[in-house]
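Colleague: Got a minute to walk me through this model? I'd like to go residue by residue and then look at the whole chain.

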Amino acid sequence: MATSSKPATTLKAGTSWHDAWQRCLAVAPEAFRDDRVLNLWDGTWHADGSPLPAGSPVDGSPIAGPPRLDAATAQQAVRAALDQHRAWRDVPLAERRARVGAALDALTEHRELLSLLLVWEIGKPWRLATADVDRAIDGVRWYVDGIDGLLGGRTPLPGPVSNIASWNYPMSVLVHAMLVQALAGNAVIAKTPTDGGVACLTLACALAAREGVPLTLVSGSGGELSQALVRSPEIGCVSFVGGRDTGAAVATAVADLGKRHILEQEGLNTWGVWDFTDWDQLTAVIPKLFDYGKQRCTAYPRFVVQRDAFDDFLAAYLPAVRTLRVGHPLAVVNAGDPYPELDFGPLINAAKAKELSDLVAEAVDRGAVPLHRGTPDPALFLPGQDAGAYVHPVTLLGPPPSSPLHHAEPFGPVDTIVLVDTEAELLAAMNASNGALVATLSTDDEATYRRLSPQIRAFKVGRGVPRSRGDRDELFGGFGESWRGAFVGGELLVRAVTEGPAGERLPGNFPEYQLMP
C-alpha cells in the first residue's frame, strides 16, 4: 500500500480481537472456550464438532471459526429441538413474552460487544455494526409489545423452525427472526453462516438461552447438514436467506416434502432513471447506496439510465462516488479517537474480493467501459496490514451479456450502468433477473411513475428513494426467482411461523399460487 504524509494510524484502544474474545469468555463462559466457540443443542453447550480455521476480513488475522458438526450429531440436535418445541408451545404467552423481553434486555446490555464482534467477523464499520444490533433489538421489542394482536388465536407450528441464513446480517435478520419465531411459540434452530458471524451469534444465543428461550445453534457444512436441518420430519418450517443456487436446492427439498418455508434469494435490484432532472437528489443518495459495500440483498448494483440524460447522470453520480471512504473499521490516529467514519470496510473475505475483481477485469476485457475505479487511502488503513479483502468502488458502463455482472447481483461495491432509449427497453433492463426484492424509478412525472412502476418485477418499488427490508410492521418479500414461500415482515412474519384456519393460504410466492398481502 502506498505511503502517506498523514500521521500513522493505530488500532482503537480496547477493540482488538483478543479484547473482544476475553470479554466473551467473561460474559458467557458456558458458550466460549479459550480457543473455540461451542454448539448449543438440547439446552446445553457442547464442545463438539471440528472448528474450521477462520480469518478476519478486516486484516486477515485469525479469529474463531464455526465448530462443524457431522450429520448424525445434527440429527440428534434436531430431535432434541422437537422435544423443546413440544414443551415451549404450551408455555403461556405472557411467560414467553417475559423471557424474550429479558433476552432483549441482555442483548442491550452487551450491545457494544456484539457490535465489535460483527466488526471483526464480517467487516462492518462501527456505525453499521451497531445499527445491525439495534435493529434486531428494537424490531423484536415491537413484536413483544404487540404479540397478542399479531397472534390472534393462531398456534405454533408442529415442529421447530430451522434457519439457514447468510453472513451479512447476523443480528437484524437472523437473531431477529429467531426471537420472533420463539415468541410465537416455536423452538428455533439456526445454522451459523460458514463465512462469518459465529462468535456474535454464539454470544446472542447464550444470552437468550439463559432466559429460557429454546434455541439451538449449530455449525456445519450446508450440504452435510441439509438432511437434518431441511428434510427432517421434525422440522416445522425452513427459513432460508441466501443465494439462488443454494436456495433452489432448499426449495426442491421443501416442495417435495410439502413443508412450510420462507426462502429469500438474491435478485438484481435496479434503479431506473427516466425523464428526470432532480440531480442534486440523486447525488445525495448515491453514497448511502454503498453502505456495507453493497453486500446486502437490497443493494442497488444496476442503474438503467435514459441515454439522453446520461451526461447529466454522470455529472451527478461521479462526484458522489468519489467521496466514498473505505478502510479498516478500527483504524484511528490516536488510540482514544472515536471510531472512523466509513462507508464500508472489507468484503467478507479475500476470496470474494478476488472473485469480484476478476469479474470486473473480465467484463472490461469483453467490452464494458470503466467509468470509475476507486483507489485506497493509506490514511484509512493500519500500516502494513493485510488488505486482501478490500475492493474499492468500481463503475462500469455496458457490462456485456456474457458477463455475470450483466444479470446477477455482484454482492460488492461494483455498479453497472445500462443505457436505454425507450420505456420498453427501460422495463426490460430493470427486469433482467426475473424478479427482485426492491427497485427504484427516478422520474419527475408522478403519472409516469404510476404507469411504469407496476410493470417492474420487484416486491417494493420506490420513487427516487431506495427501498429496504424495512422494520416492524413493514412487509417484505420478492417476485420471481428472488423469493419462494411465505412473505414476512409485520404480521406476516408471525403468520408464516404459526398455524391458522384449516386451508389457509398464506401471502407469498408458491409454486401453485402467488398471493400478495
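Colleague: Is C297 buried or exposed?

Modeller: C297 is buried, at a relative accessible area of 14%. Buried means under 20% relative accessible area, exposed means over 50%, and partly exposed is in between, with a 1.4 Å probe and protein chains only. Keep in mind that this is a predicted model, where local features need pLDDT of at least 70, side-chain atom pairs count only at pLDDT 80 or more, and totals for chains, interfaces and linings use all residues. Residues are numbered from 1 along each chain as its sequence is written, and side-chain values use heavy atoms, with hydrogens and water left out.

Colleague: And how many disulfides turn up in the whole structure?

Modeller: Zero, after a search of the whole structure. A disulfide here is a pair of cysteine sulfur atoms within 2.5 Å. C297 is in no disulfide, and its nearest cysteine sulfur, in C237, is 17 Å away.

Colleague: Why is there no bond for C24?

Modeller: Because the closest cysteine sulfur, that of C200, is 8.8 Å from the sulfur of C24, which is too far for a bond. C24 also counts as buried, at 0% relative accessibility.

Colleague: OK, switching to backbone oddities. Which value does phi of Y292 come near?

Modeller: Phi of Y292 is near 55°, a positive value in a residue other than glycine. Y292 sits in the loop between α10 (279-285) and β15 (302-306). Helices (H or I, at least four residues) and strands (E, at least two) are DSSP runs, numbered from the N terminus. Y292 is buried too, with a relative accessible area of 2%.

Colleague: What about K294, where is that one found?

Modeller: K294 is in the loop between α10 and β15. Its phi is near 60°, again a positive value in a residue other than glycine.

Colleague: A lysine, though. Does K294 count as buried or exposed?

Modeller: Buried: K294 has 1% relative accessibility.

Colleague: Let's go to T216. Which element is T216 in?

Modeller: T216 lies in strand β11, residues 215-218. The residue is buried, at 1% relative accessible area.

Colleague: What is T216 in contact with?

Modeller: Leaving aside neighbours within four places in sequence, T216 is in contact with L40, W41, A77, A81, Q84, V188, I189 and A190. Contact means heavy atoms within 4.5 Å.

Colleague: Where is G327 found?

Modeller: G327 is in the loop between α11 (310-321) and β16 (331-332). Its relative accessible area is 0%, so G327 is buried. If you skip neighbours within four places in sequence, the contacts of G327 are L342, F344, G345, L380, F381 and Y390.

Colleague: How far apart are G327 and A436 in space?

Modeller: They are 30 Å apart, C-alpha to C-alpha, with the two positions 109 residues apart in sequence numbering.

Colleague: And L493, which residues does L493 touch?

Modeller: Not counting residues up to four places away in sequence, L493 touches Y143, H176, V180 and V488. L493 lies in helix α16, residues 491-496, and is buried at 7% relative accessible area. The C-alpha atoms of L493 and N434 are separated by 24 Å, and the two are 59 residues apart along the chain.

Colleague: Now D256, is D256 exposed or buried?

Modeller: Exposed, at 56% relative accessibility. D256 lies in helix α9, residues 244-257. R231 is 25 residues from D256 in sequence, and the C-alpha to C-alpha distance is 9.3 Å.

Colleague: Zooming out, how many helices and strands are in the protein chain?

Modeller: The protein chain has 16 helices and 25 strands. Its radius of gyration is 23 Å, close to the 24 Å that the globule rule gives for 517 residues, so the chain is as compact as a globular protein of that length. That radius is taken over C-alpha atoms, and the rule is 2.2 Å times the number of residues to the power 0.38.

Colleague: What does the C-alpha trace span?

Modeller: About 65 × 60 × 40 Å along the principal axes.

Colleague: How much of the chain counts as buried?

Modeller: Of the 517 residues, 60% count as buried. As for contacts between residues at least 6 apart in sequence, 72% join residues at least 24 apart.
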